[in-house]
Amino acid sequence: MSGFSWAAFAQGLAPCAGAALAVMLATFAVGLYKGVHRVVDVAWGIGFTVVAVVSYVLSAGEGDDGRRLLAAVLTAVWGLRLAWHIARRGRGHGEDPRYESMLARAPGNPDVYALRKVYLLQGALVWLISLPVQAAGYLTGPVGAWAWAGAGLWAVGLLFEGVGDRQLARFKSDPANRGKIMDRGLWAWTRHPNYFGDFCVWWGLFLIVCQAPGPAAATVVSPVLMSFLLIGGSGKALLERHMAQRPGFAAYRARTSGFLPRPPRR
């Protein structure tokens with residue numbers, strides 16, 4: 001039988017929000033120093049990792065130690081891998097075109113605008129999306145089938161992300177592929193293996209708290225919001241609008257699934 005410490009969970013929300021805010025404010029300072037705000041993308045994964053660690057510490061003695069550790073470790077592995085990948089990919093590059101375009105239209109001071117519309121917004125999203133990870137620390141009862149199912153789905157997601165990112169990096173490193181559409185490996189099964197991987201990771205982390213209906217109902221907003229961002233927000237939809245005019249993309253879109261993996265159409 002599982003229980004849940006609602007009072008302790010509620011008390012931990014503010015410190016976790018403060019941790020997410022601290023990461024974003026520190027990253028904003030780095031962005032000002034470097035003169036580029038693309039560093040916030042690296043802070044996305046780091047923010048989740050810091051919140052997971054803070055929540056793990058705060059929940060000591062409240063929930064099952066195995067579940068606490070499982071949620072924290074899975075989140076940190078995902079977050080640090082993502083941060084490392086984005087940092088390596090952006091090394092030596094200038095401002096991200098997305099932020100460059102947004103800040104060119106910003107009213108008033110563009111750096112202040114970036115703080116409000118990019119850093120603080122992403123900090124709030126980190127805190128909100130990480131609710132299942134925070135809740136996992138306050139759920140009692142041994143780790144059961146829901147948690148192991150969640151870990152399995154998380155592993156599928158991490159595999160899609162890691163393999164997809166590696167395949168794309170190798171493809172782009174070949175000068176012969178300049179201007180071409182990546183349509184090999186996992187990219188032949190879905191146009192967005194990395195976004196599908198994120199989708200699986202966060203639904204997997206949510207399953208960890210599904211052993212108790214109360215925490216599950218209170219935190220389901222997390223994977224729903226992440227799914228919206230990946231599919232209809234700043235992920236798939238935005239990227240495909242940017243790629244729509246590239247030669248070969250229309251044919252690639254016609255034969256390849258937009259999100260969920262499946263064999264390509266002939």
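Visitor: Does Ala7 count as buried or exposed, and at what relative accessibility?

Guide: Good place to start! This is a predicted model, and everything we read here is computed from it. The cut-off for exposed is over 50% relative accessible area. Ala7 has 54% relative accessibility, so Ala7 counts as exposed. You will find Ala7 in helix 1, which covers residues 6-34.

Visitor: What separates the C-alpha atoms of Ala7 and Tyr138 in space, and how many residues lie between their places along the chain?

Guide: Sequence and space are two separate rulers, and you can use both. Ala7 and Tyr138 are 131 residues apart along the chain, while their C-alpha atoms are separated by 9.5 Å. Now try Tyr119 and Gly137: they are 18 residues apart in sequence and 27 Å apart in space, C-alpha to C-alpha.

Visitor: Where is Tyr119 found, and is Tyr119 buried or exposed?

Guide: Tyr119 is found in helix 5. A residue is buried when its relative accessible area is under 20%. Tyr119 has 0%, so Tyr119 is buried. Looking beyond residues up to four places away in sequence, Tyr119 touches several others, among them Met24, Thr27, Phe28 and Gly31, as well as Val36, His37, Val39 and Val40.

Visitor: How do I describe two helices that pack together?

Guide: Two packed helices are described by the angle between their axes and the distance between the axes. Let's take helix 3 (residues 65-90) and helix 8 (residues 193-207): they pack at an angle of about 165°, and their axes are 11 Å apart. Because of that angle, helix 3 is roughly antiparallel to helix 8. Their crossing is left-handed.

Visitor: Which residues of helix 3 and helix 8 meet?

Guide: From helix 3, look for Ala71, Leu74, Thr75 and Trp78; from helix 8, they meet Asp198, Val201, Trp202 and Leu205. Sorting the residues of this contact of helix 3 with helix 8 by character gives 6 nonpolar, 1 polar and 1 charged.

Visitor: At what angle does helix 7 pack against helix 8?

Guide: Helix 7 (residues 145-173) packs with helix 8 at about 165°, and here the axes are 7 Å apart. That makes helix 7 roughly antiparallel to helix 8. The residues of the contact of helix 7 with helix 8 divide into 15 nonpolar, 6 polar and 3 charged. The handedness can be read too: helix 7 passes helix 8 in a left-handed crossing.

Visitor: Why are helix 5 and helix 10 called oblique to each other?

Guide: Check the angle. The axes of helix 5 (residues 110-129) and helix 10 (residues 221-231) cross at roughly 135° and come within 8 Å. An angle has to be over 145 degrees to count as roughly antiparallel, and helix 5 and helix 10 are therefore described as oblique to each other. On the helix 5 side, Leu125, Leu128 and Ile129 meet Val221, Ser222, Leu225, Met226 and Leu229 of helix 10. Sorted by character, the residues of this contact of helix 5 with helix 10 are 7 nonpolar, 1 polar and no charged.

Visitor: Which side chain forms a polar contact with the side chain of Glu240?

Guide: To read a polar contact, look at which atoms are paired and how far apart they lie. The side chain of Glu240 is joined to that of Arg191 by a polar contact of 2.6 Å. Glu240 lies in helix 11 (residues 236-243) and is buried, at 8% relative accessible area. Setting aside neighbours within four places in sequence, Glu240 is in contact with Arg191, His192, Phe249 and Arg253.

Visitor: What lies 3.0 Å from a polar atom of the side chain of Thr256?

Guide: Here the partner belongs to the backbone: it is the backbone oxygen of Tyr252. Thr256 sits in the segment after helix 12 (249-255) and is buried, with 2% relative accessible area. Beyond residues up to four places away in sequence, Thr256 touches Trp187, Ala188, Trp189, Thr190, Arg191 and Arg262.

Visitor: Where is the place of Pro264, and how much relative accessible area does Pro264 have?

Guide: Pro264 is also in the segment after helix 12. With a relative accessible area of 36%, Pro264 is partly exposed. Apart from residues up to four places away in sequence, Pro264 touches Ala188, Trp189 and Arg255. Back to our two rulers: Pro264 and Ala124 are 140 residues apart along the chain, and their C-alpha atoms are separated by 38 Å.

Methods
Residues are numbered from 1 along each chain as its sequence is written. This is a predicted model: local features need pLDDT of at least 70, side-chain atom pairs count only at pLDDT 80 or more; totals for chains, interfaces and linings use all residues. Side-chain values use heavy atoms; hydrogens and water are left out. Helices (H or I, at least four residues) and strands (E, at least two) are DSSP runs, numbered from the N terminus. Buried means under 20% relative accessible area, exposed over 50%, partly exposed in between (1.4 Å probe, protein chains only). A polar contact is a pair of N or O atoms within 3.5 Å; within protein, one must be able to donate a hydrogen and the other to accept it, and residues adjacent in sequence count only if both atoms are side-chain atoms. Contact means heavy atoms within 4.5 Å. Axes are lines fitted to C-alpha atoms, for helices over the stretch in contact, and angles run from 0 to 180 degrees between N-to-C directions. Angles under 35 degrees count as roughly parallel, over 145 as roughly antiparallel, 65 to 115 as roughly perpendicular and the rest as oblique. A crossing is left-handed if the near helix is turned anticlockwise from the far one by less than a right angle, and right-handed if clockwise. Ala, Val, Leu, Ile, Met, Phe, Trp, Tyr, Cys and Pro count as nonpolar, Asp, Glu, Lys and Arg as charged, and the others, Gly among them, as polar.
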